[in-house]
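Me: I would like to learn how to read a fold from a model. Where do we start?

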Amino acid sequence: MKIQAKIDRVLQSGKLKAIASVSLDGMFVVKGLKVMDGQKGLFVSMPQEVFTGNDGKKQYSNLFFPVTNSAKEELQTAVLEVYRQYMDPAYRPQTAQSRGDNFYPEHDRYIREQVQQSYYPEAAQRPSFFTM
């Protein structure tokens, strides 16, 4: 799956560092992902809705979430790499070889595409009924 991430807003205080969105295969966009600073470093929190449970306490429910650990890792890596590039334009993503693993061999290609291509699919790739 091709994941393209975009930083929508950067926040300067607290544990919440940024709000991001992702495009999945150029077909779906998910907004409201949060870049958080936790005890073990940066991580990505999924979009959530807040509701009051039967006991009167606030409860949270993820609106979007990866089903497998590998999908979670791929999504988190894509968002955090774009966040690091946004915060430090001189930052260069790690390659699989420099990490010393074989985790998603095509991942490095996806990171380069995120920098080189636009966030949303090109207008030429959209069906004609979307053109105005």
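**Reading the sheet and its helix**

Reply: Start with the sheet. In this predicted model, four strands make up an open sheet, ordered β1-β2-β3-β4, with antiparallel pairing. The edge strands, β1 (3-10) and β4 (41-45), each pair on one side only. From one strand to the next, the twist averages 30°.

Me: How many bridges join β2 to strand β3, and which way do the two run?

Reply: Look at the bridges between the strands. Eight of them join β2 to β3 (residues 28-38), and the two strands run antiparallel. As a position to check on screen, Ser21 stands opposite Lys31 in β3.

Me: Where does helix α1 lie?

Reply: For a helix, ask which strands it crosses and at what angle. Helix α1 (residues 69-87) lies across β1, β2, β3 and β4, and runs at about 50° to β1.

Me: Which residues does Lys17 touch?

Reply: Leave out residues up to four places away in sequence, then list the contacts. Lys17, found in strand β2 (residues 16-24), touches Arg9, Val10, Leu11, Val35, Asp37, Leu42 and Tyr83 on that basis. Take Asp37: Lys17 and Asp37 are 20 residues apart in sequence, yet 6.8 Å apart in space, C-alpha to C-alpha.

Me: What pLDDT does the chain average?

Reply: Read the average first, then the stretches. The protein chain averages a pLDDT of 79, and 70% of the residues score at least 70. Over residues 96-108 the pLDDT is below 50, and this stretch has 16 contacts in the model beyond near neighbours in sequence. Residues 126-132 also have a pLDDT below 50, with two contacts counted that way.

Note on methods. Residues numbered from 1 in each chain as written. Predicted model: local features only at pLDDT ≥ 70, side-chain atom pairs only at ≥ 80, totals over all residues. Heavy atoms only, no water. Contact = heavy atoms within 4.5 Å. pLDDT = per-residue confidence, 0-100. Pairing = 2+ DSSP bridges. Axes fitted to C-alpha atoms, helices over the stretch in contact; angles between N-to-C directions.
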